[in-house]
Amino acid sequence: MPITLENKLVVAISSRALFDFEEENRVYEAGVASGDDQSYMQYQLDRLDKPAPAGVAFPLVQKLLAFNGGSDGHTGGANDRHRVEVVVLSRNDPVSGMRVFRSARQVDLKIERGVFTRGRDPFGYLNALGAHLFLSANERDVRSALAAGFPAARVYPDSAKKAELHPDEIRIAFDGDAVLFSDEAERIFQRNGLDAFQQHEIERAATPLPPGPFKPLLLALHRLQTLAGHEVPIRIRTALVTARSAPAHERAIRTLMDWKIDIDEAMFLGGLDKGAFLREFEPDFFFDDQTRHCESAARVSPTGHVISGIANHDHA
């Protein structure tokens, strides 16, 4: 039978999101500025046997791959139990890509597929992969991926990493408006203020919000947990962490009910700083569309900026 990624959770990730390549990136940027990438290729080749340190998304990827089971990343070799596929999607050149794969192998991270474009935009390959998530440190790539309809976030490479605290759980937290949901209500708030926003949401409490860019990821996570059942020793725990407060909470909850998705925790913070609450939840990753929330969150947890919606000057 042909190999396919159908019915799998597919995560596309840049090399800088998976590994701490910040020093290497400075060499790369210097080469790009001078029109010569050979020095960067040699830099990576000279370090081929030096394992790269874990990047901001490494713990999340490590936990997701646990859904495949077995020491070789498969349970009994059955394709239907290979539930998660992680693909490196990188602006790196193929020579530098060798170090990415070598670093993954040295820490027993079962990643077999990668696309290396040597400086060209890589996001176009998301469609071929059918990706449910794209994590990158490159803002332009993230914006392009979101515009093409893929859940994507710009990672904060220096985010705190504490995934080892919950080895039996994958904890993912999402903002609501412009992330899980569309920014329909956020536009009302930006244009007319809080009172108008609250009235808008009260009047439409029973009307589901249009989906935001990260609904496909939430659905894929829900499907992954359902298919895996109790066969794997790890569970997915999700949280909605939103600036909404009562009475605007109801529409958000009813929307998730309409999608037939259960969220484990919901925090309606009414504008309170999210960092303190994320410190308690301890997510493996948090996604938000507003930089001020991302900057607060990055001090306590791995964080991704969803560069979409009115808060990011998206007037589509």
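**Helix α8**

I started with helix α8, residues 184-192, and asked which of its residues are buried. I found Ala185, Glu186 and Ile188 buried there. Looking down the axis of α8, I see the buried residues within an arc of 155°, so they line one face of the helix. That fits the textbook picture: an α-helix has 3.6 residues a turn, so residues three or four places apart point the same way. What do the buried residues of α8 pack against? I looked, and the partner is α9, residues 194-203. Just after α8 I noted glycine 193, with a positive phi of about 95°. A reminder to myself: this is a predicted model.

**The sheet**

Next I traced the strand order. I get an open sheet of ten strands with mixed pairing, running β3-β2-β1-β4-β5-β10-β9-β6-β7-β8. Which strands stand at the edges? They are β3 (113-116) and β8 (265-268), each with a single partner strand, so one side of each has no neighbour in the sheet. I also wrote down the twist, which averages 25° from one strand to the next.

**β1 and its partners**

I then went to β1, residues 9-13. Five of its five residues are buried, so I put β1 down as largely enclosed by the rest of the structure. In a regular strand the side chains alternate between the two faces of the sheet. I checked both faces of β1, and both are covered: Leu9, Val11 and Ile13 are buried on one side, Val10 and Ala12 on the other.

How many bridges pair β1 with β2? I count five, in the parallel sense. Alanine 12 sits opposite valine 87 of β2, and leucine 9 has valine 84 as its bridge partner in β2. With β4, strand β1 shares three bridges, and these two run parallel as well. There I picked out isoleucine 13, whose bridge partner in β4 is leucine 135.

**β2 and the crossover to β3**

I moved one strand over to β2, residues 84-90. Seven of its seven residues are buried. Val84, Val86, Val88 and Ser90 point one way, Glu85, Val87 and Leu89 the other, and I found all of them buried. I noted Glu85 and Ser90 as part of that buried set.

β2 pairs with β3 in the parallel sense over four bridges, and serine 90 stands opposite phenylalanine 116 of β3. Which helix does the chain pass through from β2 to β3? It is α5, residues 94-106, and I logged this β-α-β crossover as right-handed.

**Helices lying across the sheet**

I looked up two helices here. Helix α10 (215-228) lies across β1, β2, β4, β6, β7 and β9. I noted its angle to β7 as about 155°. Helix α13 (291-298) lies across β9 and β10, and runs at about 165° to β10.

**β7 and Thr238**

At the other end of the strand order, β7 (235-242) is joined to β8 by four bridges, and the two run parallel. Threonine 242 stands opposite phenylalanine 268 in β8.

I wanted a closer look at threonine 238, which belongs to strand β7. Is threonine 238 buried or exposed? Its relative accessible area is 4%, so I call it buried; the cut-off is under 20%. Leaving aside neighbours within four places in sequence, I listed its contacts as Ile172, Phe174, Leu218, Asp262, Ile263, Asp264, Glu265 and Phe281. Of these, Leu218 falls in helix α10, and Glu265 in the edge strand β8.

**Backbone oddities**

Most residues other than glycine have a negative phi, and most peptide bonds are trans. I went looking for exceptions.

- The peptide bond from alanine 246 to proline 247 is cis, with omega near 10°. I placed proline 247 in the loop between β7 and α11 (249-258).
- Asparagine 7 has a positive phi of about 70° although it is not a glycine. I find it in the segment before β1, and at 58% relative accessibility asparagine 7 counts as exposed.
- Arginine 118 has a phi near 50°, another positive value in a residue other than glycine. It lies in the loop between β3 and α6 (126-129). With a relative accessible area of 43%, arginine 118 goes into my notes as partly exposed.

Definitions and conventions:
Residues are numbered from 1 along each chain as its sequence is written. This is a predicted model: local features need pLDDT of at least 70, side-chain atom pairs count only at pLDDT 80 or more; totals for chains, interfaces and linings use all residues. Side-chain values use heavy atoms; hydrogens and water are left out. Two strands pair if DSSP finds at least two bridges between them. Axes are lines fitted to C-alpha atoms, for helices over the stretch in contact, and angles run from 0 to 180 degrees between N-to-C directions. Contact means heavy atoms within 4.5 Å. Buried means under 20% relative accessible area, exposed over 50%, partly exposed in between (1.4 Å probe, protein chains only). A crossover is right-handed if, with the strands pointing away from the viewer, the path from the first strand over the helix to the second runs clockwise. The arc is that of the directions from the helix axis to the C-beta atoms.
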